[in-house]
Amino acid sequence: MPDPTQVVALLKTQNIGHVRLFGADQGMLLALANSGIQVMVSVPNDQLLGIGQSNATAANWVARNIVAHVPATNITAIAVGSEVLSALPNAAPVLVSAMKFIHSALVASNLDSQIKVSTPHSSSIILDSFPPSQAFFNRTWDPIMVTLLKFLQSTGSYFMLNVYPYYDYMQSDGFIALDYALFRPLLPNKEAVDRNTLLHYTNVFDAVVDAAYFAMSYLNFTNVPIVVTESGWPSKGDSSEPQATIDNADTYNSNLIRHVLNNTGTPKRPGIPVSTYIYELYNEDFRPGSVSEKNWGLFNANGMPVYTLHLTDSGMVLANDTTNQTYCVAKDGADPKMLQAALDWACGPGKVDCSPLMQGQPCYEPDTVAAHATYAFDTYYHQMVMAPGTCYFNGVATVSTTDPSHGSCVFPGSAGTNGTFTSTTALTPSSNSTSSDSPWHYHGGALLILGVLFSSTVLLLK
């Protein structure tokens with residue numbers, strides 16, 4: 001994953017107002033300070049046993065990972081473990097104790113009203129999930145689930161659920177239609193109907209969420225809301241995963257976001273939005289397992305979008321639209337000495353890989369300061385995910401819609417790029433930093449905000 005400051009710059013540029021961390025990484029928590037982004041942190045599964053057996057261990061965890069960072073970092077939730085009942089059943093007996101100990105530490109710090117405590121569950125703990133009205137939790141876990149739901153109810157928290165229609169589709173042996181998994185429009189006779197309630201379901205996501213609501217009501221809990229802590233679709237798979245494609249990932253995530261932002265709710269609870277975290281922000285190239293396991297991200301590690309989400313109906317664009325690409329180029333008539341100074345900064349402190357400009361390399365010709373500066377400027381601009389203010393360079397650069405690629409010299413962001421330009425650890429100064437941070441950023445203008453509060457659908461950062 002890129003440097004934490006780069007990650008936060010990407011979140012800001014994409015107007016992402018909520019993020020979930022798979023842990024409590026100190027670098028990320030520091031980088032998120034004063035960003036306004038709402039943060040869910042997590043207690044990793046390998047720390048669950050210690051925290052669930054010791055109030056003091058839980059208090060130390062909260063002091064180190066929560067109290068030390070608020071209020072600068074806007075932490076609003078703690079996920080205690082992940083899919084514990086299905087993935088780590090030996091820790092199940094201490095799960096609720098861990099949640100209670102964490103909550104007690106928040107109470108002691110007067111943070112319990114601001115920060116909710118819960119634990120994400122796999123949807124696999126819901127048995128007989130269709131029709132939803134017949135769903136119930138695996139009864140092995142009923143004693144724990146009842147205690148857990150009592151805790152959520154008494155603290156005003158929510159039930160965290162991971163919903164993956166991709167896996168439901170893959171494991172259904174053809175019973176689930178692809179269109180039903182992807183939120184595509186269905187003919188009325190293709191909709192799934194709950195024979196007990198006569199509720200019509202047009203997608204897997206709603207059916208799974210409602211199955212969880214019915215399973216809770218089976219245990220006599222009817223007022224605990226659901227937050228979907230993971231959902232998404234992989235953009236690439238191996239030969240056994242033919243539906244893990246960019247088109248399907250784009251379709252699923254675009255439709256999911258539109259569905260949530262429209263506040264349609266579910267058939268059981270219409271009009272009540274289901275806040276949802278998209279899994280995940282970045283691809284994980286080195287993750288073990290199948291090809292699809294590495295390719296759930298909206299962005300590659302270099303910050304370039306894997307695909308562009310199509311959200312015109314909601315007015316929200318979550319990734320840089322490569323159909324309307326922009327480039328950072330040297331201004332016509334710019335002072336050569338200033339261009340050279342800017343070029344030197346980009347290839348030095350700016351951490352741009354300028355090796356393609358060396359003699360014999362594809363971008364060496366034409367051998368002019370302006371041409372070389374344009375390559376360096378544009379590379380830096382795209383490494384900074386085209387954030388406002390990153391194509392300035394003391395006034396010698398400008399944004400253009402004309403692709404400056406030529407011959408075998410393919411620029412980052414070009415339709416012909418192979419997408420393999422080197423990731424950088426260069427930092428994007430904040431919009432109110434001074435020019436002493438970098439002489440090549442413009443800090444006078446207002447940061448462009450897309451204008452839609454992304455209050456219900458949020459991003460997952462691993």
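Which residue in E3 is the bridge partner of Gln38? It's Asn74, and the views below take you from that pairing to the rest of this predicted model.

**Figure 1. The whole chain, to get your bearings.**
This is a predicted model of a chain with 462 residues, of which 53% count as buried. Along the way you'll pass 13 helices and 15 strands. Look at contacts between residues at least 6 apart in sequence, and 70% of them turn out to join residues at least 24 apart.

**Figure 2. Strand E2, with E1 and E3 as its partners.**
Strand E2 covers residues 38-43, and five of its six residues are buried, so the rest of the structure largely encloses it. One partner is strand E1 (residues 18-21), which pairs with E2 in the parallel sense over three bridges. Find Val19 and you'll see Val39 of E2 standing opposite. To get from E1 to E2, the chain goes through helix H2 (residues 26-31), making a right-handed β-α-β crossover. The other partner shown here is strand E3 (residues 74-80): E2 and E3 run parallel and are joined by six bridges. That's where Gln38 meets Asn74, its bridge partner in E3.

**Figure 3. Helix H6 and the residue that follows.**
Helix H6 takes in residues 92-108, 17 residues in total. At 1.5 Å a residue it should span 24 Å, and its end C-alpha atoms are 25 Å apart, which agrees. Plenty of H6 is tucked away: Ala92, Val94, Leu95, Val96, Ala98, Met99, Ile102, His103, Ala105 and Leu106 are buried. After H6 comes Asn110, with a positive phi near 60°.

**Figure 4. Helix H7, another one to follow end to end.**
Helix H7 runs over residues 142-155, which makes 14 residues. From its first C-alpha to its last it reaches 20 Å, close to the 20 Å expected at 1.5 Å a residue. The buried residues in H7 include Ile144, Met145, Leu148, Leu149, Phe151 and Leu152, along with Asp142 and Thr155. Just past the end of H7 sits Gly156, which takes a positive phi of about 70°.

**Figure 5. A cluster of aromatic rings.**
The count for this model comes to 20 aromatic pairs. One of them is Tyr164 with Tyr167, an edge-to-face pair at 5.6 Å centre to centre, with 65° between the planes. Are these two tyrosines buried or exposed? Tyr164 has 10% relative accessibility, so it counts as buried, while Tyr167, at 26%, counts as partly exposed. Tyr166 and Trp233 also meet edge-to-face, at 5.1 Å centre to centre and 75° between the planes. Tyr166 lies in helix H8 (residues 165-170) and Trp233 in the loop between strand E11 (226-231) and helix H11 (246-261), so this pair ties together parts that are 67 residues apart in sequence. Both Tyr166 and Trp233 are buried. Step back and you'll find ring pairs linking these residues into a cluster with Phe22, Phe183, Phe205, Tyr252, Tyr279 and Trp296.

**Figure 6. Two arginines over rings.**
Phe22, one of the residues in that cluster, has company: the charged end of Arg20 sits over its ring, 4.5 Å from the centre. There's another such arrangement at Phe136, where the charged end of Arg139 sits over the ring, 4.2 Å from its centre.

Note on methods. Residues are numbered from 1 along each chain as its sequence is written. This is a predicted model: local features need pLDDT of at least 70, side-chain atom pairs count only at pLDDT 80 or more; totals for chains, interfaces and linings use all residues. Side-chain values use heavy atoms; hydrogens and water are left out. Buried means under 20% relative accessible area, exposed over 50%, partly exposed in between (1.4 Å probe, protein chains only). Helices (H or I, at least four residues) and strands (E, at least two) are DSSP runs, numbered from the N terminus. Two strands pair if DSSP finds at least two bridges between them. A crossover is right-handed if, with the strands pointing away from the viewer, the path from the first strand over the helix to the second runs clockwise. Rings of Phe, Tyr and Trp (its six-membered ring) pair if their centres lie within 6.5 Å; planes under 30 degrees apart count as stacked, over 60 as edge-to-face and the rest as tilted. A charge sits over a ring if NZ of Lys or CZ of Arg is within 6 Å of the ring centre and within 35 degrees of the ring normal. The expected span of a helix is 1.5 Å times one less than its number of residues. Contact means heavy atoms within 4.5 Å.
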